[in-house]
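Colleague: Before I rely on the labels attached to this model, could you take me through what stands behind them?

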Amino acid sequence: MVERPGIEVAVVMRRERLDNRWQPWRWILEDVVPQEAGFGTEARLMRRDDDAEQWLHPGFTVELFRDDAEGYYLNATTDHPCWFVLWRMDEPREGEEPFARPAAVSLSYHDAGRWLDAQETVEQVPAPPEVIEWLRAYVEEHHIVEPKRRKRPESFKRLEDRFGNPASVTTEKKFGGGGHE
């Protein structure tokens with residue numbers, strides 16, 4: 001089994017009141033924090049007042065994979081490297097409000113892009129300096145810059161039919177008469 005670098009984190013989600021009669025609450029990602037032993041394994045309410053709630057969701061492992069070094073590179077070289085968190089709304093039980101539940105945490109632009117392409121809810125928050133340095137060290141060791149290849153203009157490509165055989169284009173009419181004589 002391959003040992004991958006990883007860190008344990010917890011996600012903090014915030015439920016805040018809106019001044020909207022159709023949607024009185026909304027959920028947003030508040031933070032990603034280092035996992036601590038006292039967090040337990042289940043989501044728990046950290047703070048509640050009339051206008052907001054904070055929920056802690058522990059137990060996420062963020063691993064770095066060599067084949068995604070490009071995705072980490074894209075994050076590590078931005079002006080504001082960040083955590084990407086995919087989260088979903090649980091179906092509410094009778095008498096309960098819908099509940100936001102994080103599903104995954106990543107430092108890869110590619111992961112975030114795939115999740116967004118799948119029409120998932122993805123939010124980001126800034127990563128702390130020590131995580132950014134850890135990520136940059138990994139990128140320096142594992143990222144290989146692919147040389148840019150010049151794309152040949154379409155006008156220079158040979159024409160092929162759907163079977164890969166050479167094809168040609170002509171303006172000469174071969175069938176159907178209609179010629180002028």
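The exchange below sets some of these labels against their definitions.

Modeller: This is a predicted model, in which local features need pLDDT of at least 70 and side-chain atom pairs count only at pLDDT 80 or more, while totals for chains, interfaces and linings use all residues. Residues are numbered from 1 along each chain as its sequence is written, and side-chain values use heavy atoms, with hydrogens and water left out.

Colleague: Why is tyrosine 73 called partly exposed?

Modeller: Its relative accessible area is 31%, and because buried means under 20% and exposed over 50% (1.4 Å probe, protein chains only), tyrosine 73 falls in between. Tyrosine 73 lies in helix α1 (residues 69–76), a helix being a DSSP run of H or I with at least four residues, and a strand a run of E with at least two.

Colleague: What makes β3 and β4 a pair of strands?

Modeller: Pairing requires that DSSP finds at least two bridges between two strands, and four join β3 (residues 44–48) to β4 (residues 52–63), so they qualify, running antiparallel. Arginine 44, for one, has leucine 56 in β4 as its bridge partner, and three residues lie between the two strands of this hairpin.

Colleague: What makes a set of residues a nonpolar core, and how many residues has the largest?

Modeller: The members must be buried Ala, Val, Leu, Ile, Met, Phe, Trp, Tyr or Cys residues joined through side-chain atoms within 4.5 Å; the largest such set has 26 residues, with Val11 and Trp83 among those with the most contacts inside it. Helix α3 (129–142) gives the most to this core, with five residues.
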